[in-house]
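Me: Please take me through one part of this model close up, starting at the beginning of a helix. Then tell me what else is worth a look, and keep it plain, as I'm new to this.

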Amino acid sequence: MSETKAAGSGPARLDAALLTLVGVMVLGGMMSYLDATIVNVGISTLGGEFHATLATIEWVTTGYLLAVALAIPLAGWAVVRFGAKRMWLLGLSVFLIGSTLCAFAWNAESLIAFRIVQGFGGGMVDPIMMTVVAGAAGPARIGRVMGLVSVPITLGPVVGPIIGGLLLDNFSWEWMFLVNIPFALAAIVLAIRVLPADPPPSGDPVPFDALGVALLSPGFAALVYALSQAGGDGFGSTKVIIGLAVGVALFVAYAVHALRTTVTPLLDLRLFSSKGFSASVTTMFLLGGGLFSLLFLLPLYYQQVHGHSVLESGLLLAPLGLGTLIGMPIAGNLADKVGARRLVPTGALLIGLGALVFTGSDSGTSQVALTAAQFAAGFGMGLVGAPTMGSVYKTVPGEAVAGATGAVFILNQIGASLGIAVVALILQGGGSHATPTADSFGNAFWWPVAAAVVVFAAGLLLPGKPKQEPAAAETPAEEPAETPAGSEPVTDHA
């Protein structure tokens, strides 16, 4: 309790208990992001191993994404209903079981089925991680904490292809999944020891929004499926049009339901009435689109324009990851002092300039220039990600944290799927080019540039420098003193 009081009467410190909690949560959250991109670089290997066509083996990725899409909207409600610790352990256990089963798959169909199990666990893990650490940090420390927690979100997809290339170069395909097992076991054991016990239920159980689940989860999954297929088939293909139409129709139906229902909706759309919240989730949507489109483009660019191997192209992504790794903690420390309104536009400018270098590059472009451009873009992503996530939790009340987290992850995932679909379509030149040319890559890199421009504008609507109100901060800091210690990290947001 003394640390809580100290946070109210002076500069809020990141105490040892909070840092330990964050470390345990990041260990679990990192796995799903790493695994998604580790497997992506091994798709052709898996196709050869199981003698499956590309259209079939792509479902190893698509099935995982659809399972994540189904799980994310449920995670917020499940945390409130059953408790964060229980659901965190359940998510990790499902991910562990799915990873183990994947390593023992005997054909493409079994692997796809086991990846769906794995994806459902992964989809639960990351929203719960954000909800727990946001509640534990509180508004005064949220910026710095998000600088740490953003590591798996931003760095995981960058490091994944490198690890995947190393594993496939030196071991059999099973190790793409076996590598998860020791980390998942460690995350489960540490969570049991470190995470506070879930508080006993108070009052009536949170009602289950069955109609909301029936509309939102399939709608999200339909959009993700349509966008994942659009990259190869184009937005004019029948299955993409049907997927988009079904997804949009279900989203519209959910919006009508959420605004009229008398029970707590699965995702409260009234949160979007806040200008700061809307700007935050818009930025995360575009950051997902910009980051994942770069992660899709860069390895292909290095392989097809510069002639590098899969492993070499993965290693050449290191400057992007290094820039992000340096930028995130810097942004986290500054976010609570200068506000997101200054950091996010600066980061967007760096992302745009970094991607701009690639729009005019070809096989003769200096690797030094490309490396510097990647580092600048990565550093910019670090400046955008952590302050934006912190802004999300500064613009919603404590009881809405779980729902806000769901909204962020849903839009971030849709943005990522849309970004990949758009750049894949540009690379194909509308279907006229079997192999992308340097010019088509240059055109595709304009997409992250455009996303950065919009992020710059949205960043100007984010919260500015926090006001210092020590007198107001002291009073509420004393009030929760009688709250059971086990419930603080999950339920206390303000």
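Reply: Start where helix 17 starts: a side-chain oxygen of S366 comes to within 3.1 Å of the backbone nitrogen of V368. That's a polar contact, meaning N or O atoms within 3.5 Å, where in protein one must be able to donate a hydrogen and the other to accept it, and neighbours in sequence count only if both atoms are side-chain atoms. A quick word on ground rules: this is a predicted model, where local features need pLDDT of at least 70 and side-chain atom pairs need 80 or more, while totals for chains, interfaces and linings use all residues. Residues are numbered from 1 along each chain as its sequence is written, and side-chain values use heavy atoms, with hydrogens and water left out.

Helix 17 covers residues 367-394. (Helices here are DSSP runs, H or I, of at least four residues, numbered from the N terminus.) Its 28 residues, at 1.5 Å a residue, should span 40 Å, and its end C-alpha atoms are 41 Å apart, so the two agree. The expected span is 1.5 Å times one less than the number of residues. Most of helix 17 is covered, with 20 of its 28 residues buried. Buried means under 20% relative accessible area, exposed means over 50%, and partly exposed is in between, using a 1.4 Å probe and protein chains only.

One residue of helix 17's stretch turns up elsewhere: F375 joins L322, L325, I326, I330 and L334 in a nonpolar surface patch with about 450 Å² of accessible area together. Patch members have over 30% relative accessible area and no salt bridge, and nonpolar side chains are joined within 5 Å (like charges within 9 Å). A salt bridge is a Lys or Arg side-chain nitrogen within 4 Å of an Asp or Glu carboxyl oxygen. Areas come from the Shrake-Rupley method with a 1.4 Å probe. Five of the patch residues come from helix 15 (residues 318-338), the largest share. L322 sits in helix 15 and counts as partly exposed because its relative accessibility is 45%.

For a contrast, try I72 in helix 5 (residues 59-82). I72 counts as buried because its relative accessibility is 3%. The C-alpha atoms of I72 and F120 are 8.4 Å apart, although their positions lie 48 residues apart along the chain.

Definitions and conventions: Helices (H or I, at least four residues) and strands (E, at least two) are DSSP runs, numbered from the N terminus.
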